[in-house]
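Q: I'd like a close look at one part of this model, and then a walk through its surroundings. Could you keep it friendly for a first-year student?
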Amino acid sequence: MDDRSENHDIEVEGGNYAYERKISGILDDGSVGFQQPLLARNRKNTTSQIAIVGANTCPIESLDYEYFQAFFAFAGCNLILATAAASLCAFIAPAAAGSGIPEVKAYLNGIDAYSILAPSTLFVKIFGSIFGVAARFVVGKEGPMVHTGACIANLLGQGGSRKYKLTWKWLRFFKNDRDRRDLITCGAAAGVAAAFRAPVGGVLFALEEAASWWRSALLWRTFFTTAVVAVVLRSLIELCRSGRCGLFGKGGLIMFDVNSGPVLYSTPDLLAVVFLGVVGGVLGSLYNYLVDKVLRTYALINERGPGFKVMLVMAVSILSSCCAFGLPWLSPCTPCPVGTEGKCPSVGRAGIYKSFQCPPNHYNDLSSLLLNTNDDAIRSLFTSRSENEFQISTLAIFFFFVYFLGIITYGIAIPSGLFIPVILAGASYGRLVGRLLGPVSQLDVGLFSLLGAASFLGGTMRMTVSLCVILLELTNNLLMLPLVMLVLLISKTVADCFNKGVYDQIVTMKGLPYMEDHAEPYMRNLVAKDVVAGPLLSFSRVEKVGVIWQALKMTSHNGFPVIDEPPFTEASELCGIALRSHLLVLLQGKRFSKQKTTFGSQILRSCKARDFAKAGLGKGLKIEDLVISGEEMEMYVDLHPITNTSPYTVLETLSLAKAAILFRQLGLRHLCLVPKTPGRPPIVGILTRHDFMPEHVLGLYPHIDPLK
């Protein structure tokens, strides 16, 4: 044996392990020794598994066989779970894919897209998110839980579901647009409160990000909802504290307790916080840019059918498994910190110190992040048991892994949230900065990790108040409030210079006509009548059935102006607006007359209010459902009983910017334009949400500068 080899003794514990501590240099036979500890698990024959130092035999073949077997078991389980989640989304409820927060935000803005809150979407969202998180994807469960809460609220708001035999008559009280919108707002707040165990943060999230219209009554309703969520969570945590529910309830209502005593900071620390905020804003805006590009690329693949969606998920699952299992080999084993609470290395699925073939009293810090639950990984990054618990190279590798794999994963056909990947990337980046600035900073690496997560969240989500409260409720560290506020404001300000928030980008990419709370600058140079598109289609108060049927068949309009004309009035005047759904109910009831006369009182006596209530998802009447004979086509119907006789009207010369603000703040679906001068028809046109979209306005006037 060459003199350069040292510490080459064999250590066997109970005949089950063979441990070669360290072999450095070259052996007698010319082979190169190992540079890091090696631990082999004995399966059957103990003698054949022991590595004999200085001999020519070493059980590399059997060890390789074990590693490949472990990888195939790991990747195979992940692939099965990923395929299950993808199949649910691709074949049952495609609307359940993704976070769901952009869709909920669009609904609360007045966009009722098909199937986004359906019972099937709720079912797939629950089980798909379970399978997706269990499949080791770099995704979170927080976004899907917001969507789940909104789906449950929508189910209650429409009185249940007739299709699935879940109906309750007492819930019909909520069967109107405003109450349903309020319920869905409360459901979104409940989802945040349940996911982060942050009841106040849930209320602020609904106020800042989800709801487009807010009032004082909605404030206490959401607060009551999140309080109930907190009480139920506390009860379930106490019930499961004995371990009968697996890992649920670990940590109580405070998920990541990093309250480490007084927080002292000086001028260099404030400069470090500003640096974190600036870099977090840049990284967050880059994250949003790459997510947008990846989503547009995936859209081309997903358009080819459900099978391609499933294959894309399977490919990403295999890539994630390869990275999670292969990257820990780049990290050497680290001795356990002195005075460690709990076992090191950890035993079982829980714990923060993963062995990954390390010898006793050693752990692999990269596998402790990659092969752990998301909660334990975040808890490890936020806490500061030992400053050198994670090496700088480990933090850099983990940051790039979570950053780029989170971008690749978001957009595939599984329920996936963005909060957890962003928190993981931000926490690892912040802890890395904390390690580099350790000699000049008084803040420990755990607090740097928390600030890094806050900066990355602010740069990606573009929220401030709600994120600040959620992080403080998560970590139980109120002393960090000033620094968290500062880093959130800086990161949001920097990121806003490059692009919009991630949820706003997704809403735009999906083509949902979302209305902002402010008018675009170029709208000040236009008036309302400038953007009215297409010929105006109106009905008389007593209209022929055939005319109504033909108009409903040839157009997709949801509102039609009704005009009173002689001989019923002295001059033509605007009576109001009739909705398509109400016209279909009226035609289905065949409440017709052979004479062109008013008979609205008879219709009122034969109709009930619930006949015109908003139908559940997909239950509304369609023009194809109506069967009207040729004789009935020549008959007349009085539209006055179903007409909204007090519509919102504005002059045609009103500034388009003012019209947009009025439309948005009042939550309108139709805005009638009336002429400024007499002697003209009583209505010039109807403005809808699509008429205010930048694509429509700039398409009509391409010479306008969007920034002026």
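In which sense do strand 10 and strand 11 pair, and over how many bridges?

A: Strand 10 (residues 559–564) and strand 11 pair in the antiparallel sense, over six bridges. Before we go on, this is a predicted model, where local features need pLDDT of at least 70 and side-chain atom pairs count only at pLDDT 80 or more, while totals for chains, interfaces and linings use all residues. Residues are numbered from 1 along each chain as its sequence is written, and side-chain values use heavy atoms, leaving out hydrogens and water.

Take one bridge as an example: Asp564 has Glu573 in strand 11 as its bridge partner. Strands here are DSSP runs of E with at least two residues, helices are runs of H or I with at least four, and both are numbered from the N terminus. Two strands pair if DSSP finds at least two bridges between them.

Now zoom out to the sheet. It's an open one with three strands in the order 8-10-11 and mixed pairing. Strand 8 (539–540) and strand 11 (573–579) are at the edges with a single partner strand each, so one side of each has no neighbour in the sheet. Helix 20 (residues 580–588) packs on this sheet and touches strand 8, strand 10 and strand 11 (contact means heavy atoms within 4.5 Å). Its direction makes about 80° with that of strand 11.

There's another open sheet to compare, with three strands in the order 13-14-15 and, again, mixed pairing. Its edges are strand 13 (649–651) and strand 15 (685–687), each with a single partner strand, so one side of each is left without a neighbour in the sheet. On average, neighbouring strands of this sheet are turned by 35° against each other, direction ignored. Strand 14 (residues 671–674) and strand 15 run antiparallel and are joined by three bridges. One of the partnerships is Leu671 with Leu687 in strand 15.

Next, some helices. Helix 14 (residues 419–436) and helix 15 (residues 445–461) pack at about 135°, with their axes 6 Å apart. Axes are lines fitted to C-alpha atoms, for helices over the stretch in contact, and angles run from 0 to 180 degrees between N-to-C directions. Helix 14 and helix 15 are therefore oblique to each other: under 35 degrees counts as roughly parallel, over 145 as roughly antiparallel, 65 to 115 as roughly perpendicular, and the rest as oblique. Their crossing is right-handed, meaning the near helix is turned clockwise from the far one by less than a right angle (anticlockwise would be left-handed). Among the residues that meet are Phe419 and Tyr429 in helix 14 and Phe448 and Phe456 in helix 15.

Helix 17 (residues 481–496) packs against helix 9 (residues 267–302) at about 40°, with the axes 7 Å apart. Helix 9 and helix 17 are therefore oblique too, and their crossing is right-handed. Helix 16 (residues 465–475) also passes helix 17 in a right-handed crossing, at roughly 140° with the axes within 10 Å. Leu467, Cys468, Leu471 and Leu472 in helix 16 meet Leu481, Val484, Met485 and Leu488 in helix 17.
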